[in-house]
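Consider how charged side chains are arranged in the structure shown here. The paragraphs that follow take the salt bridges in turn and ask where each partner lies.

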Amino acid sequence: MAISMYQASAPQLKKMLVNLTTILTMAEEYAAAKGVDGKVLVEARLFPDMFPLARQVQIACDQVKFGLARLAGVEAPKFEDTESTLPQLKERIAKTIAFMDSIKPEQIDGTEAKVIQFSIKGRNFEFVGEQYVLTWIIPNFYFHITTTYNILRHNGIELGKADYLG
C-alpha cells in the first residue's frame, strides 16, 4: 500500500516544527542562564555568506506553508519576515502549525501528478506534486531546520540528536 501525499509530508513536517520550537526554547533558557542577549543567537550564522538563524527558521516555515498551500490549492498566509527574537520565531512556527492544521488530508491526497509552478527571485520552477514534496519541500525544509540546529549548537546550546528528532 502506498503512503498518501498527506501522510508523506504533513505529519513529519509538523513534528519537526514542534521539535524546532523545543530547540528554540532551549536556546532561550541557555541565553537567560548565561546572560546572553537572545538577539545574538537570532542573528548568528555559521558562515558570513549564510543566512542568520532568524532567516533559517523563516524559510523552514515558508517551505511548509507555501508547499502545503500549493498542493492544497489554497492561499498561504503572509508573514512579514520581521522576527528578531526567539519568542517571535516560536510564534511564527505556531502560526505555521495553525495553518497546517487548517489543511485537511483530502486537500493534499491525490495531488501526486498536480502541476506546481512558482517563481523565486526570477527563477521559475515546475514540479508535479510527488516530485515537489520529495525533491523540493522536504529537502529544503530539513536543510533549514538542520542549519538552525547547527547554529545553536555552534553557539554553545547543549543540543543532541534526541532534541533534533524529538
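In this predicted model, a network of salt bridges links Arg55, Asp62, Lys65, Asp81, Glu83 and Arg92. Across the whole structure, a search finds nine salt bridges. As a general principle, side chains of opposite charge can pair when their charged atoms come close.

One pair in the network is Arg55 with Asp81, whose closest N and O atoms lie 3.5 Å apart. This salt bridge joins distant parts of the chain, the two residues being 26 residues apart. Arg55 belongs to helix 3 (residues 53-72), whereas Asp81 sits in the loop between helix 3 and helix 4 (86-102). Arg55 has a relative accessibility of 24% and therefore counts as partly exposed. Asp81 is likewise partly exposed, because its relative accessible area is 34%, and the range for this class runs from 20% to 50%.

A second pair lies in helix 3, where Asp62 and Lys65 are three residues apart and so are separated by about one helical turn. The side chains of Asp62 and Lys65 form a salt bridge with an N to O distance of 3.7 Å, which falls within the 4 Å limit that defines such a contact. Asp62 and Lys65 are both buried.

The salt bridge between the side chains of Arg92 and Glu83 has an N to O distance of 3.1 Å. Are these two residues buried or exposed? Arg92 and Glu83 are both buried, each having a relative accessible area under 20%.

Conventions: Residues numbered from 1 in each chain as written. Predicted model: local features only at pLDDT ≥ 70, side-chain atom pairs only at ≥ 80, totals over all residues. Heavy atoms only, no water. Helix = DSSP H or I, 4+ residues; strand = E, 2+ residues; numbered from the N terminus. Buried < 20%, exposed > 50% of the residue type's maximum accessible area, 1.4 Å probe, protein only.
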